[in-house]
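This report looks at one protein chain, beginning with its interior and ending with its two termini. The structure is shown here for reference.

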Amino acid sequence: GLGELAPGNKDIKRGYQAAHNLLVDHGKAVKAFRSVAPPENQIGIIMDIWKRYPLRNVPEDIALAKEEDETNWKFYLDPVLTGQYSDYIIEKLTREGILMDIGPHDLELISTPLDFFGVNIYNRVVVSEDEQALYEFRQGKNFFSNGTEIFPQAMYDNLKILTDDYKLNIPL
């Protein structure tokens with residue numbers, strides 16, 4: 001939808017629709033797998049969590065962190081693990097006129113129960129509306145040469161999200 005990846009289309013509504021369709025197809029794949037695989041075989045999904053952390057404890061940075069969490073990793077986790085998109089996403093996309101078409105059984109398919117959940121956790125993402133403050137934060141910190149911060153606490157925080165917020169009770 002942003003035009004950054006193939007096929008290069010810049011249409012945010014189509015991007016959200018493609019992401020939604022991908023999740024529906026995931027649910028269909030789980031059902032198809034279960035219809036032919038022996039019962040001992042397992043199926044799951046793997047997702048990334050790039051949790052946003054506000055740089056400053058101010059409303060602007062807190063709102064930015066929420067916005068980016070909702071439109072990134074929560075867009076995928078919420079329907080898969082809870083069977084619905086968050087109110088935040090539905091309201092935002094409706095307000096902006098870019099809500100994807102959601103079929104009557106789509107969310108049921110998307111949230112087809114899984115046997116395991118795989119998670120990629122790389123790091124945190126620090127966000128701020130104040131670019132200068134963000135630049136200063138990055139100076140002299142623990143970063144890789146590619147600009148990615150080394151922040152082991154992200155692993156703990158993201159696992160807590162899965163177990164506490166999503167009540168994940170399948171192998172992780």
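## The nonpolar core

In this predicted model, the largest nonpolar core consists of 26 residues, and within it F75 and L77 are the residues with the most contacts. Two or more residues are given to this core by each of α1 (12-36), β1 (44-49), α3 (73-82), α4 (87-95), α5 (106-110) and α7 (153-165). The largest share comes from α1, which supplies 5 residues.

What does L77 touch once its neighbours within four places in sequence are left aside? Its contacts are then M47, I49, T82, F117, L162 and Y166. Of these, M47 and I49 fall within the range of β1 (44-49), while L162 falls within that of α7 (153-165).

## Packing of α2 against α3

Helix α2, which covers residues 59-71, packs with α3 at an angle of about 55°, and the axes of the two helices are 3 Å apart. This angle makes α2 oblique to α3, because an angle counts as oblique when it is neither under 35 degrees, nor over 145, nor in the range of 65 to 115.

On the α2 side the contact is made by D69, E70 and T71, and on the α3 side by W73, K74, F75 and D78. Sorted by character, the residues of this contact of α2 with α3 comprise 2 nonpolar, 1 polar and 4 charged. F75 therefore appears in two settings, since this residue takes part in the contact with α2 and is also one of the two residues with the most contacts inside the largest nonpolar core.

## The surroundings of R52

R52 is found in strand β2, which spans residues 52-54. Is this arginine buried or exposed? Its relative accessible area is 11%, so R52 counts as buried, the cut-off for that class being under 20%.

The side chain of R52 makes a polar contact, at 3.1 Å, with the side chain of E68. When residues up to four places away in sequence are not counted, R52 touches A65, E68, D69, N72, W73, V125 and V127. Among these, D69 and W73 also belong to the contact between α2 and α3, with D69 on the α2 side and W73 on the α3 side.

## The chain as a whole

The protein chain contains 7 helices and 4 strands, and, read along the sequence, these elements follow the pattern α-β-β-α-α-α-α-β-β-α-α. Taken along the principal axes, the C-alpha atoms fill a box of roughly 55 × 40 × 30 Å.

Of the 172 residues in the protein chain, 36% are buried. Considering contacts between residues at least 6 apart in sequence, 69% join residues that are at least 24 apart.

## The two ends

L2 lies in the segment before α1 and, with a relative accessibility of 57%, counts as exposed. Leaving out residues up to four places away in sequence, L2 touches N9, K10 and I12. The C-alpha atom of L2 is separated by 17 Å from that of K92, a residue 90 positions apart from L2 along the chain.

Towards the other end, K167 lies in the segment after α7, and at 57% relative accessibility this lysine also counts as exposed. Most residues other than glycine have a negative phi. K167, although not a glycine, has a positive phi of about 55°.

Key: Residues numbered from 1 in each chain as written. Predicted model: local features only at pLDDT ≥ 70, side-chain atom pairs only at ≥ 80, totals over all residues. Heavy atoms only, no water. Core = buried A, V, L, I, M, F, W, Y, C linked by side-chain atoms within 4.5 Å. Buried < 20%, exposed > 50% of the residue type's maximum accessible area, 1.4 Å probe, protein only. Contact = heavy atoms within 4.5 Å. Axes fitted to C-alpha atoms, helices over the stretch in contact; angles between N-to-C directions. Nonpolar A, V, L, I, M, F, W, Y, C, P; charged D, E, K, R; others polar. Polar contact = N/O pair within 3.5 Å; in protein donor to acceptor, adjacent residues only side chain to side chain.
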